[in-house]
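Colleague: Could you walk me through how to read a few features of a structure, one at a time?

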Amino acid sequence: METNSKIKIVGDPLPNIPWEDCPKNCKDVIWRSDKNPIIPRDLIPSSNSIFNSAIVPYKGTFAGVFRADTKSRKMQIHRGFSEDGISWNIDNEPITFICEDEEINNFIYGYDPRVVKLDDKYYITWCNGYHGPTIGVGYTYDFETFYQLENAFLPFNRNGVLFPCKINNKYAMLSRPSDNGHTPFGDIFYSASPDMVHWGYHRHVMTTLPFTWQSTKVGAGPIPIETDEGWLMIYHGVLTSCNGYTYSMGAAILDLEKPWKILYRTEPYLMSPQTLYECVGDTPNVVFPCSALVDSDTGRIAIYYGAADTVTALAYAKVEDLIDFIKKNSL
Ligand code: BMA
């Protein structure tokens, strides 16, 4: 039986969160699911790969928006449902959005979605092709009909991640300004909006750290988790090796009122690509977290991440241990 978490988490209990206890021999604060990779690359007939994807609790079960690249290597986002958060039914066809403006709605590509329940809507952000990558924003009430809003920013930008509530009376989003290619730089910024359309009040959050796993670029991962210690932000960091980029996972705690202020940030990574499915695939050596389920009662967290740009995997942590680790191993 799980004990109640000593850390207060703002959010609903999720007794049916996917969960496996920490293996006895595991020395890490995050551990992988025995069922990994939980989603194979060919789960649907059209897919070459299904990876950086976002899962949320939905009506007692789970819904998700999945990055599923096609066999012609078109980057698309698809809808899926699951009873247990592990076995998924994913649509073979991509999501189509209703949008008032054809210019914005004209689909070029979409990838790396994030999903958050905010007020009565499920907002979706993704990397949206509009003369280069930028942050697409849409919403749904029911995962049946999807509406698209204006892109949040000018190109080039990636990793748009909304906060799960308004902060200082405004919607809030993290993002990572980038270039049009495989960007060799990148810091995380914070922006705010009164209406989810007009974004401003930009603040710098986090930069890279030379000679570390996060030396080339950093980008926000799952929707930040609100705790009484601050916002728990899980993110990816990239190192450039002589063999290309290595994507690892780390975490930081951000100030509740001013989330652009970092309180703690892990010096070591939390997880780096080490298993076969993380090291071998279309892009080797990638762990790329995009969503996390949280049970506020017990502090259990289930982190969904893309592995090697090919499959979707799951890892677990306890919020108390994670926050303790971040504080003890902070820069
Ligand atoms: C980033 C994005 C991600 C991808 C990662 C590793 O720039 O394109 O979708 O997982 O690179 O290739």
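Modeller: Happily; this is a predicted model, and we will take a sheet, then pockets, then salt bridges.

Colleague: Let's begin with the sheet. In what order do the four strands of the open sheet run?

Modeller: When reading a sheet, list the strands in their spatial order and then look at the sense of each pairing. Here the order is β12-β13-β14-β15, and the pairing is antiparallel. β12 (157-162) and β15 (200-206) are the edge strands, each pairing on one side only. On average, neighbouring strands of this sheet are turned by 30 degrees against each other, direction ignored.

Colleague: Over how many bridges do β13 and β14 pair?

Modeller: Five bridges join strand β13 (residues 171-177) to strand β14 (residues 188-193), in the antiparallel sense. To find your place in that pairing, look at Met173, which stands opposite Ser191 in β14.

Colleague: Now the pockets. What is the general idea behind finding them?

Modeller: Empty space shows up when a probe the size of a water molecule is rolled over the atoms. In this model, the largest pocket has a volume of about 710 Å³. Of its 25 lining residues, Gly11, Asp12, Pro57, Lys117 and Pro164 are the closest to the centre.

Colleague: Which elements give two or more residues to that lining?

Modeller: They are β3 (54-58), β8 (110-118), β17 (225-227) and β21 (287-295). β21 gives the most, with five residues. By class, the lining of the largest pocket holds 18 nonpolar, three polar and four charged residues.

Colleague: And what lines the second largest pocket?

Modeller: That pocket holds about 600 Å³ of space. It is lined by 26 residues, and Arg67, Tyr111, His182, Tyr247 and Asp309 lie nearest its centre. At least two lining residues come from each of β4 (61-70), β8, β12 and β19 (244-254). The lining of the second largest pocket divides into nine nonpolar, eight polar and nine charged residues. Notice that β8 appears in the lists for the largest pocket and the second largest pocket.

Colleague: On to salt bridges. How many are there by this rule?

Modeller: The count comes to twelve. A good habit is to ask how far apart the partners are in space, where they sit in the chain, and how accessible they are. Take Glu278 and Arg32, whose closest N and O atoms are 2.8 Å apart. Glu278 is in helix α2 (residues 276-279) and Arg32 in strand β1 (residues 31-32), 246 residues apart. Glu278 is buried, at 0% relative accessible area, while Arg32 is partly exposed at 21%.

Colleague: Why does the pair of Arg73 and Asp282 tie together parts that are 209 residues apart in sequence?

Modeller: The side chains of Arg73 and Asp282 meet in a salt bridge at 3.4 Å, N to O. Arg73 lies in the loop between β4 and β5 (75-82) and Asp282 in the loop between α2 and β21, so the pair ties these parts together. Arg73 is partly exposed, with a relative accessible area of 48%, and Asp282 is also partly exposed, at 31%.

Colleague: Is Arg79, the partner of Glu144, buried or exposed?

Modeller: Arg79 counts as buried, at 15% relative accessibility, whereas Glu144 is exposed at 52%. Their salt bridge spans 3.1 Å, N to O. Glu144 lies in the loop between β10 (133-140) and β11 (146-148) and Arg79 in strand β5, so this pair links parts 65 residues apart in sequence. As a last step, check for shared partners: Arg41, Arg73 and Asp282 are joined by salt bridges into one network.

Terms used:
Residues numbered from 1 in each chain as written. Predicted model: local features only at pLDDT ≥ 70, side-chain atom pairs only at ≥ 80, totals over all residues. Heavy atoms only, no water. Pairing = 2+ DSSP bridges. Axes fitted to C-alpha atoms, helices over the stretch in contact; angles between N-to-C directions. 1 Å grid on protein atoms, 1.4 Å probe; cavity = no way out; pocket = protein on both sides within 12 Å on 5 of 7 lines; lining within 4 Å. Points joined across faces, edges and corners; volume = space filled by probe spheres on them. Nonpolar A, V, L, I, M, F, W, Y, C, P; charged D, E, K, R; others polar. Salt bridge = Lys/Arg side-chain N within 4 Å of Asp/Glu carboxyl O. Buried < 20%, exposed > 50% of the residue type's maximum accessible area, 1.4 Å probe, protein only.
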